[in-house]
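User: I'm new to this one and would like a close look at a single part. Could you take me through the salt bridges and the spots around them?

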Amino acid sequence: MVKLRRYVEIGRVVLIKFGKFRKTLAVITDVIDHNYVLCDGRCLGGSLRAARNIKDLGLTDIKIRIGHGIRHRYLKKKVEEAKVQEQWNASKIGQRMAKLKAKRKSTDLERWRVRQNKKQRSLLIKLKYLRLKRQCFKIAKKMTQKKPERTPEQEAARKEAIDKLTAEREVVKAERKEKRRKAEEKRQAKPKKDKKKVVTAEMKAKGAAWKLKCEARKEKRSQKKKRDADDRKSAKIDYKALTKYA
């Protein structure tokens, strides 16, 4: 929920709801007490500077920065700089009030024109709706209507065409099958290569040397681990023996 930030304050633009200057804008120039404020609407084509009850005013979202008790000529400059009238005309309430004012001030001829335009618009809408409705009915009829029955000649021609297509498909399948069989025979006729690796005497000698080398490394590592363990044992301190005589 959006909170409204409309306060009764100096510089707030208000709409006068009652009295001689009703439905006109004014600016609060000073606050008298919690019931009355001083409003000036001359710069916005409204009332003179006068005290007005807060209940008779409608607060707007527009606010200008002014000091309290500002003079009319300075207030007019501030209002023009802030473009208060343009902001009000662009707001929803301002547009609605402008429409109502135009309707109230319209002549008989203008009201008749509006009425005729509404009639023409409704007629065009109805024609468009009927056209779309007719199109929908046509499509629905095509979708739901039964297909006409075939004559014996048409049925025989249809069967003949189907038999012809099936025969052509069978020929194509047979040709593909024959191609696959020939490719398989050709593949099987090729001599198979011996995939076993030939091991020479030199390779065997290299393998044996590598094994001996690995075993020697393992032996060295084990001896080093033993030496480290012996060193740790010799350097170990018996803390219990030390605390006994402390």
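Analyst: Here is a walk through the salt bridges, with a quick look at the surroundings first and a few other spots afterwards.

Keep in mind that this is a predicted model. The protein has seven helices and five strands. Read from the N terminus, the order is β-β-β-β-β-α-α-α-α-α-α-α, and 14% of the 246 residues count as buried.

Now for the pairs. The structure holds ten salt bridges. As a bit of background, side chains of opposite charge can pair when their charged atoms come close.

Let's start with Asp40, which sits in strand β3, residues 36-40. Asp40 counts as buried because its relative accessibility is 0%, and the cut-off for buried is under 20%. Its partner is Arg42: the two form a salt bridge, with the closest N and O atoms 3.2 Å apart. Arg42 has a relative accessibility of 38%, so it counts as partly exposed. That gives you a bridge between a buried residue, Asp40, and a partly exposed one, Arg42. There's a further link between these two, as the side chain of Asp40 also reaches the backbone nitrogen of Arg42, at 3.2 Å.

Next, hop over to helix α5, which covers residues 152-189. Glu185 and Arg181 both lie in this helix, four residues apart, or about one turn. They form a salt bridge too, and here the closest N and O atoms are 2.6 Å apart. Glu185 is partly exposed, with a relative accessible area of 44%, and Arg181 is likewise partly exposed, at 39%. Back at Asp40 and Arg42, there is one more name to add: salt bridges that share partners join Asp40, Arg42 and Arg49 into one network.

One more pair is worth finding on the screen. The side chains of Arg150 and Glu155 meet in a salt bridge, at 3.9 Å from N to O. Glu155 is partly exposed, with 26% relative accessible area.

What about cysteines? A disulfide is a covalent bond between the sulfur atoms of two cysteines. The count here comes to zero disulfides. As for the cysteines themselves, Cys43 is buried, at 18% relative accessible area, while Cys214 is partly exposed, at 27%.

Away from the charged pairs, have a look at the nonpolar patch on the surface. Leu123, Leu124 and Leu127 form it, and together they have about 300 Å² of accessible area. Leu127 lies in helix α4, residues 108-144, and counts as partly exposed at 42% relative accessibility.

Two lysines in loops are also worth a glance. Lys23 is in the loop between β1 (12-16) and β2 (24-31), and its phi is near 60 degrees, a positive value in a residue other than glycine. Lys23 is partly exposed, at 45%. Lys83 lies in the loop between α1 (72-82) and α2 (84-90). Phi of Lys83 is near 55 degrees, again positive in a residue other than glycine. With 51% relative accessibility, Lys83 counts as exposed, because the cut-off is over 50%.

Last stop: helix α3, residues 92-105. This helix has 14 residues and reaches 20 Å from its first C-alpha to its last, close to the 20 Å expected. Ser91 caps the N-terminal end of α3, with a side-chain oxygen 3.3 Å from the backbone nitrogen of Gly94.

Note on methods: Residues numbered from 1 in each chain as written. Predicted model: local features only at pLDDT ≥ 70, side-chain atom pairs only at ≥ 80, totals over all residues. Heavy atoms only, no water. Expected span 1.5 Å × (residues − 1). Polar contact = N/O pair within 3.5 Å; in protein donor to acceptor, adjacent residues only side chain to side chain. Disulfide = S-S within 2.5 Å. Buried < 20%, exposed > 50% of the residue type's maximum accessible area, 1.4 Å probe, protein only. Patch = residues over 30% accessible without salt bridge, like charges linked within 9 Å, V, L, I, M, F, W, Y side chains within 5 Å. Areas by Shrake-Rupley, 256 points an atom, 1.4 Å probe, with all protein chains shown as cover. Salt bridge = Lys/Arg side-chain N within 4 Å of Asp/Glu carboxyl O.
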